[in-house]
Amino acid sequence: MILAIDIGNTNICVGCLDKDRVWFSEYLSTDCQKTDLEYAVSLKNIMEIYRIVPEQIEGGILSSVVPPLSHVVQRAAEKILRRPVLTVGPGLKTGLNIQIDNPAQLGSDLVVDAVAGLAEYPLPLIIVDMGTATILSVLNQKGTYVGGAIYPGLRISLDSLTASTSQLPRISLDNPGRSIGRNTVECMKSGILYGTAAMLDGMIDRLEEELGMKAFLVATGEPAIPILPLCRHSIHFDKTLPLKGLLILYEKNRPR
């Protein structure tokens with residue numbers, strides 16, 4: 001069993017898993033003000049909830065898109081495990097063929113998603129990672145990472161809308177049940193939820209057109225939960241895709 005940590009701009013996904021199962025997957029808020037000790041306490045508390053002790057864990061690995069937090073959380077995990085924790089980045093073997101203008105620019109979160117997608121799903125493949133940003137990654141029929149698209153995430157879009165307007169209220173993200181809203185709140189929910197689903201459908205159509213064939217579609221990230229049922233494409237949801245990618249990378253780079 002390993003401890004896997006995926007640090008995003010809004011949330012930190014933490015999980016313990018092995019080849020047979022994901023023992024747990026939970027989220028912490030991303031907070032650059034916290035110390036390594038504070039994160040260590042949070043990690044320890046999560047593990048205790050699931051009755052997992054450090055002695056059961058052979059090692060750890062993390063990916064991060066928040067550089068100021070990378071070493072903080074790495075030190076926190078090492079306090080718990082009392083052994084080095086791997087970090088996804090330069091020098092780590094991925095087995096991924098990346099054909100973009102500057103492969104070094106590909107975020108570690110997208111590397112992790114692609115590694116897991118390549119191992120779990122048929123090709124060609126489009127991976128939708130919905131978080132602070134919504135990112136679409138495209139792997140062609142040979143398993144090569146050929147690029148993708150990035151646009152603002154669900155929560156950023158909603159926060160921007162309410163912050164930049166005087167009369168629009170903050171709203172929940174439950175389905176209004178129709179795309180033609182009959183009041184301000186319903187109109188906002190329709191625009192955010194159905195609008196995001198329509199944008200995702202449209203982007204998938206364009207990506208598949210450039211690929212020249214249909215692709216298998218998989219999504220990850222909590223914001224995908226209210227959106228995928230509204231999409232006209234059939235998109236498989238895999239909550240633990242990043243954790244499974246981290247496990248694969250750990251096994252490829254297992255410390256001696």
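User: In strand 9, which residue is the bridge partner of Ile127?

Analyst: This is a predicted model, in which local features need pLDDT of at least 70, side-chain atom pairs count only at pLDDT 80 or more, and totals for chains, interfaces and linings use all residues. Residues are numbered from 1 along each chain as its sequence is written, and side-chain values use heavy atoms, with hydrogens and water left out. Strand 6 (residues 125-130) and strand 9 (residues 216-220) pair in the parallel sense over five bridges; strands (E, at least two residues) and helices (H or I, at least four) are DSSP runs numbered from the N terminus, and two strands pair if DSSP finds at least two bridges between them. In strand 9, the bridge partner of Ile127 is Val218.

User: Which residues of strand 9 and strand 7 are the bridge partners of Asp129?

Analyst: Strand 6 also pairs with strand 7 (residues 133-139), in the antiparallel sense and over six bridges. A hairpin of two residues joins strand 6 to strand 7. The bridge partner of Asp129 in strand 9 is Thr220, and in strand 7 the partner is Ile135.

User: How many residues of strand 6 are buried?

Analyst: Buried means under 20% relative accessible area, exposed means over 50%, and partly exposed lies in between (1.4 Å probe, protein chains only). On one side of strand 6, Leu125, Ile127 and Asp129 are buried, and on the other side Ile126, Val128 and Met130 are buried as well. Strand 6 is therefore largely enclosed by the rest of the structure, and its count of buried residues is six of six.

User: Which strands stand at the edges of the sheet with the order 8-7-6-9-10?

Analyst: This open sheet has five strands and mixed pairing. Each edge strand has a single partner strand, so one side of it is left without a neighbour in the sheet; the two are strand 8 (145-152) and strand 10 (236-237).

User: At about what angle does helix 3 run to strand 6?

Analyst: Helix 3 (residues 108-120) packs on the sheet and touches strand 6, strand 7, strand 8 and strand 9. Angles run from 0 to 180 degrees between N-to-C directions, and axes are lines fitted to C-alpha atoms, for helices over the stretch in contact. The direction of helix 3 makes with that of strand 6 an angle of about 135°.

User: In the sheet with the order 3-2-1-4-5, what is the average twist from one strand to the next?

Analyst: The pairing in this open sheet of five strands is mixed. Strand 3 (22-29) and strand 5 (85-87) have a single partner strand each, so they stand at the edges with one side left without a neighbour. From one strand to the next, the twist averages 15°.

User: Which helix lies across strand 1, strand 2, strand 3, strand 4 and strand 5?

Analyst: Helix 1 lies across strand 1 (2-7), strand 2 (11-17) and strand 3, at about 145° to strand 3. The helix that lies across strand 1, strand 2, strand 3, strand 4 and strand 5 runs at about 125° to strand 1, and is helix 7 (residues 241-252).

User: How are helix 1 and helix 2 oriented to each other?

Analyst: Two packed helices are described by the angle between their axes and the distance between the axes. The axes of helix 1 (residues 36-49) and helix 2 (residues 67-81) come within 8 Å and cross at roughly 50°. Angles under 35 degrees count as roughly parallel, over 145 as roughly antiparallel, 65 to 115 as roughly perpendicular and the rest as oblique. Helix 1 and helix 2 are therefore oblique.

User: How many charged residues are in the contact of helix 1 with helix 2?

Analyst: Contact means heavy atoms within 4.5 Å. In helix 1, Asp36, Leu37, Tyr39, Ala40, Leu43, Lys44 and Met47 meet Leu69, Val72, Val73, Arg75, Ala76, Ala77, Lys79 and Ile80 of helix 2. With Ala, Val, Leu, Ile, Met, Phe, Trp, Tyr, Cys and Pro counted as nonpolar, Asp, Glu, Lys and Arg as charged, and the others, Gly among them, as polar, this contact has eleven nonpolar and no polar residues, and its charged residues number four.

User: Is Asp18 buried or partly exposed?

Analyst: Asp18 is in the loop between strand 2 and strand 3. Leaving aside neighbours within four places in sequence, Asp18 is in contact with Met1, Trp23 and Leu247. The relative accessibility of Asp18 is 21%, so Asp18 counts as partly exposed.
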